[in-house]
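Trainee: I should like to be guided through this structure by way of questions.
Mentor: Please look at the sequence and the structure first.

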Amino acid sequence: MADKLRITKVEQVQVLAGGEISSVTLHLTPHHLILVKAAAPPSPQHSPKKAATKSRPQESWIAYPMIAFCTFRPTPHASGLWSSIRIRGRDFKFVTLNIEDSKKAKDVYESIKGATCRLGSVEKLHAFVYDPPPPEKKISGWEIYDAKAEWKRQGISDKGVDRGWRISKINVDYGFSPTYPALLPVPSSISDNTLNYAGRYRSRARIPALTYLHPVNNCSITRSSQPLAGLRGNRSIQDEKLVSACFSASAQPDDSEYPSSTQSRASPTSSQPDLGLASTEGELSETERLEDELISSSTMEVLSDKPHVYGAQQHNLIVDARPTVNALAMQAVGLGSENMDHYKFATKAYLGIDNIHVMRDSLSKVVEAIKDSDISKLPPNREQLAKSGWIKHITGLLDGAALIARQVGIQHSHVLIHCSDGWDRTSQLSALSQILLDPYYRTIEGFIVLVEKDWLAYGHMFQHRSGFLNSEKWFSVQNDALAGSAIQPGGNGDGRGDAIENALLSAKRFFNKSNQSQDAIESDSELAYEDSPKAKKSATKDTQAEKEATKPKETSPVFHQFLDATYQLLYQFPTRFEFNERFLRRLLYHLYSCQYGTFLYNNEKSRLDARVQERTASVWSYFLSRRAEFTNKDWDGGEIDDHFKGKERLMLPRLDKTRWWSEVFNRSDLDMNGPTNTATDRYLGPREDSLRVGHGVLTGVETAHTAAGAGTTRQVSNENPGRIASLREGIAGLGIGIGRGNSGTKSPNNPTKEAMAVEMQ
C-alpha cells in the first residue's frame, strides 16, 4: 500500500467541512487519510489539568474505501489560487481540502486515488492487516452465528421432532449452488435427487429453501431465485413438487379435526395468542386492507367438500418482488416468473419494488440535495429530497414486508419470496418480515444472526453492491477552475462529474425508448453483466483483478435500504428493540470501512476460500465489545403478551409515518423532516387515501384462474390459449421498441410505460 502514496504529509491544509474552515496537517497512511487539527492554546483562566486536556490535537480519520467520490481542481501556479480536493464519503460526509502548493495537491490526489481504487485485490484492504484492540479480541464474533444452532432454535434438527423440514447437505461443497449456504433447510418429503433436478429450473440453482419457521403456527418463509420459464412457458415437475412441499410442510389436521360446515372459522386455539387481532387489525391502513382483500379474493377455488379452516394455509403466497411488467419482460430472455397453471395451490403477488439501478439513482438524487454541506450550513433542498423517491422506496419495502408478515402471522399461510436472482429485494423482504414476526431478531444477537443468515449466508453480493475497491470513474479532475464553474461532488448514476456527459446520459436513459436491446431487458436481472453471453465467454480471460474490480452499474444501496427500513421500525416502536439507532448507523459505516472481514466478498463460498475468518476480525466483535454504547435504554426486554397492546409478537409498521433517517445523512431532524409543504407532498404521492392496486406496493395478483394488476382484472381462459402469443402481446404493451406513433408524433403519455422504460435500464 505504501507504494501507492506519492506524499505522506502536507502542512497548512485548509479544510472546509460543515460550513466551517480550519487549518490542519494532512497525513496519508496506507489505509487512512488523517486530518490533525492543532490544539487551541490553553486559556489563562483554566486550571493546569483542564489545560492539559484541551491541548490534545483533534484527529479525523477517513478510511480510503469510505470515499464515494473525489474531485480534484488544480489551479495554475501563477494564479495565486489554492488547488482543492473535494471528497464525498459513503457516510455522507463532505470535505474540501485546499492546498496552496499545486504539485503537493496533485500528489495528494493521486495518492488518494491509488490507495482507493488501484489496489487490484480485496486482500489489500485494511481488514487483512487490522489488529483489533484487546476488548475485541476477547469476543469471537465469528462464532455468533452457527447455522445448525439457528435452525435448531427454529425447531429443525436431525435429532429433534420432525416439523416437516430437514437439513440437506446437497450444497455442502458449494457444487450445487455456489451462491447458496452449505446447509439448506428443505421439506422432509423432498429428496436430494429431486432438489438436484429442481435446481436446473431456478436461476443459479437457487432453489426454494427455508429461512424462517414460525414458532406458533409452523408456517414458513422460503426464498429462491426466479424460475427459467421463458417465452415457451417451461416447467419443472420437481420444482412444482418442491414448492408444494414447502407450502404443506406444517402439520395438517386429519379428517376428524375438520369442523362442521356450520362451525365458525375461528383460528385454532394453539395459534390464537399469536394473532393479536384486536390490536393489529385496527392499525392496518386502507392500502394494507385492500392488499389483503385482493389476495384473499384471488385464492384458489375449493377443490374438495371439506370447508377451509381459517389458518389452514388457504392463502399460501408466492411473492415476486418485481413489478408485474418486469417479470413478464424477463420471460423474453428465458427467465421470468411462475406459470400459476402449474402452481394451483398458491396465489402469486407482484410487488412494485424497483431494481438496483433505480435505487442507485434515487440515492444519487438524495446526495444531490445534500451535497453542499461542506461549504454551507443551509438545510438541503426539501423539494429535491422529495423528488428522489427514496422515502417511497423505503415505504414500499415496509409495505411488502408487512404483507408477508400478515400472511404468515395472521393468515397462517406459507410464503415463498423471490425477485430475479434472489439476493437483493428477496433479502430485504425476508429479513424485514422476520423482524416484524419474531422478537428474537429485535435483540442485538438476533439481529446479528438475521444479517448473517439472510444476507451473508444466502449470498447477497456485498462486494458487487458496495464496490469496496472503488472505481476510477468516481475520481475526476476539473481543469476549469478559473472559468468559475462549480464542482459537482454529489455523484450520479454513473459516478461521473462531467455535467454535459451526465445530461447526455440522462437523456439517453429516459427518452431513448426505441431499439431496446436484449441487454437492456437483461438489466432487470440483478447481475446482468454475468448473465450476458459475452460475459460468460470473456470470464475465462479475466484476471483476478478484473474479476474483483468494481462495476459502478452493479453497485446499489440495497443493504443501506434494509437498515433504513429497520430504523423506521425502531423509530415507530422505540421500546421493542434492544439496539439503538447508532448501532444501525455504525453498521452501515463498517459495511464500507473494510476494517473488518464480515462483509467482504459476495457469498459464503468466496469467504471460505479466502479464509476470511482466519485472517480478519469480525465486525460483531466491535459491537459486542462496546455493547453498552449500542443498547437501547428504552428497550422493554423483549416481553411478549399478545393480549396487551404494544407487546404483541407481531409488529406492523405505519406506512404513513415513514421519515428521513436524518442522522445517517449527517443532517438535523429539522433539516430533513421539517414542516411539510405542498411542493414536497406532491412528490411523495398518496398514502392513506383509498389506494388501488398499482398505487401501493402490490402491483398484481395472479392465480391459475385469475390475474389482476394495475387496477384491472382479467379472467384467464380454462383452455390456456397460446402462452407465446399472450406473452408477445404483453411485452408489446410495454412499449419496448416504440418511441413514436405511426404518424411520427410522440405517443400519448403512459405512466406505466414510462416507469418501465426507466426500470429496464
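The exchange below concerns a pair of helices and several salt bridges.

Mentor: This is a predicted model, in which local features need pLDDT of at least 70, side-chain atom pairs count only at pLDDT 80 or more, and totals for chains, interfaces and linings use all residues. Residues are numbered from 1 along each chain as its sequence is written, and side-chain values use heavy atoms, with hydrogens and water left out.

Trainee: Are helix 14 and helix 22 roughly parallel or roughly antiparallel?
Mentor: Helices are DSSP runs of H or I with at least four residues, strands are E runs of at least two, and both are numbered from the N terminus. The axes of helix 14 (residues 425–437) and helix 22 (residues 558–572) come within 10 Å and cross at roughly 20 degrees; axes are lines fitted to C-alpha atoms, for helices over the stretch in contact, and angles run from 0 to 180 degrees between N-to-C directions. Angles under 35 degrees count as roughly parallel and over 145 as roughly antiparallel. Helix 14 is therefore, relative to helix 22, roughly parallel.

Trainee: How many nonpolar residues does the contact of helix 14 with helix 22 have?
Mentor: Contact means heavy atoms within 4.5 Å, and Q428, A431, L432, I435 and L436 in helix 14 meet V558, Q561, F562, A565, T566 and L569 in helix 22. Ala, Val, Leu, Ile, Met, Phe, Trp, Tyr, Cys and Pro count as nonpolar, Asp, Glu, Lys and Arg as charged, and the others, Gly among them, as polar. By class, the contact has no charged residues, three polar ones and, as the number sought, eight nonpolar.

Trainee: How many residues apart are K348 and E702?
Mentor: Their side chains meet in a salt bridge (3.8 Å, N to O), a term for a side-chain nitrogen of Lys or Arg within 4 Å of a carboxyl oxygen of Asp or Glu. Both K348 and E702 are buried, that is, under 20% relative accessible area, where exposed is over 50% and partly exposed is in between (1.4 Å probe, protein chains only). K348 lies in strand 13 (residues 347–351) and E702 in strand 16 (residues 698–702), and the pair links distant parts of the chain, 354 residues apart.

Trainee: Is R659 buried or exposed?
Mentor: R659 forms a salt bridge with D669, the closest N and O atoms being 2.6 Å apart. D669 counts as partly exposed at 36% relative accessibility. With a relative accessible area of 12%, R659 is buried.

Note on methods. Parallel < 35°, antiparallel > 145°, perpendicular 65-115°, else oblique.
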